[in-house]
Amino acid sequence: MTVSTAVVVAVLVLVVVVVGYVASTVRRLGRYHEQTQQSLRLVEIELDRRHEQLAPFLDAAEASGLSGDPLRQLGGARSWSKAVRDRGLGLQAQAAAENALSAAFHSVVAEAEASRNTLGNWAFHGPAGDLAVTERRIAGAVRVYNDTAYRLSQAVDTFPSSIVAKSRSLTAAEPFVEKREVPDEELSDHIAA
């Protein structure tokens with residue numbers, strides 16, 4: 001074998017390896033992107049389910065004589081959540097609204113348990129139980145989405161797959177987490193402690 005033949009073979013092997021890597025990376029990025037989109041759809045389905053289940057829960061809570069403040073907070077949180085989703089304000093704003101909605105729901109359930117107004121009231125406990133199951137499903141769907149979004153973001157931001165991602169116009173996925181703005185003085189107090 002001559003030197004020129006060896007060089008040609010080496011170049012061909014290198015080209016095959018590079019083409020194989022690019023093809024593999026394109027498939028992997030496509031799979032991560034699709035999984036991220038599907039898991040976000042699952043989150044949206046569960047959030048829609050919760051919005052549908054809130055109407056009978058609010059009716060049952062009002063009928064059982066629970067105090068107005070937690071119910072008004074739950075109604076307000078539901079409206080805020082719907083407004084954020086309808087306006088497409090982003091996943092961080094949506095996560096904040098959905099967390100507020102979850103907290104308001106749990107506040108109403110805690111008050112119902114403390115006041116014993118709903119003891120043995122299936123009209124209240126049925127919708128409350130359905131919502132509790134949906135809350136767990138939402139938490140699971142968000143966990144799956146965040147895992148897939150993180151995996152996609154890692155692949156998009158890591159060299160050399162970032163080159164392939166740029167050529168395919170893929171960007172890092174936004175996580176479904178509430179971002180809390182911390183004032184500078186609170187941050188410095190927290191660091192000092």
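**Salt bridges and a valine patch**

Me: How many salt bridges come out of this one?

Reply: The model is a predicted one, and in it the count comes to eight salt bridges.

Me: Which parts of the chain does the pair of arginine 85 and aspartate 48 link?

Reply: The side chains of arginine 85 and aspartate 48 meet in a salt bridge, with an N to O distance of 2.8 Å. This pair links distant parts of the chain, since arginine 85 belongs to helix α2 (residues 68-87) while aspartate 48 belongs to helix α1, and the two are 37 residues apart.

Me: Arginine 85, buried or exposed?

Reply: Neither extreme applies, because arginine 85 has a relative accessible area of 23% and is therefore partly exposed, the band for that label running from 20% to 50%. Its partner, aspartate 48, is also partly exposed, with a relative accessible area of 37%.

Me: OK, switching to helix α2 itself. What does aspartate 69 pair with?

Reply: Aspartate 69 forms a salt bridge with arginine 72, and the closest N and O atoms of the two are 2.5 Å apart. Both residues lie in helix α2, three residues apart, which is about one turn of the helix.

Me: And how exposed is each of those, aspartate 69 and arginine 72?

Reply: Aspartate 69 has a relative accessible area of 47% and is partly exposed, whereas arginine 72, with 59%, is exposed.

Me: What about lysine 82, where does its salt bridge go?

Reply: Lysine 82 forms a salt bridge with aspartate 86, the closest N and O atoms lying 3.2 Å apart. The two are separated by about one helical turn because they are four residues apart in helix α2. As for accessibility, lysine 82 counts as partly exposed at 47%, while aspartate 86 has a relative accessible area of 57% and is exposed.

Me: Which residues are joined into one network by salt bridges that share partners?

Reply: Glu46, Arg49 and Arg137 are joined into one network by salt bridges that share partners.

Me: New topic, then. Which residues make the nonpolar surface patch?

Reply: The patch is made by Val3, Val7, Val11, Val15 and Val19, and its area is about 440 Å².

Me: Where is valine 11, and why can it be in a patch at all?

Reply: Valine 11 is placed in helix α1, which covers residues 3-63. Its relative accessibility is 45%, so valine 11 counts as partly exposed, and patch residues need over 30% relative accessible area and no salt bridge.

Methods. Residues numbered from 1 in each chain as written. Predicted model: local features only at pLDDT ≥ 70, side-chain atom pairs only at ≥ 80, totals over all residues. Heavy atoms only, no water. Patch = residues over 30% accessible without salt bridge, like charges linked within 9 Å, V, L, I, M, F, W, Y side chains within 5 Å. Areas by Shrake-Rupley, 256 points an atom, 1.4 Å probe, with all protein chains shown as cover. Salt bridge = Lys/Arg side-chain N within 4 Å of Asp/Glu carboxyl O. Buried < 20%, exposed > 50% of the residue type's maximum accessible area, 1.4 Å probe, protein only.
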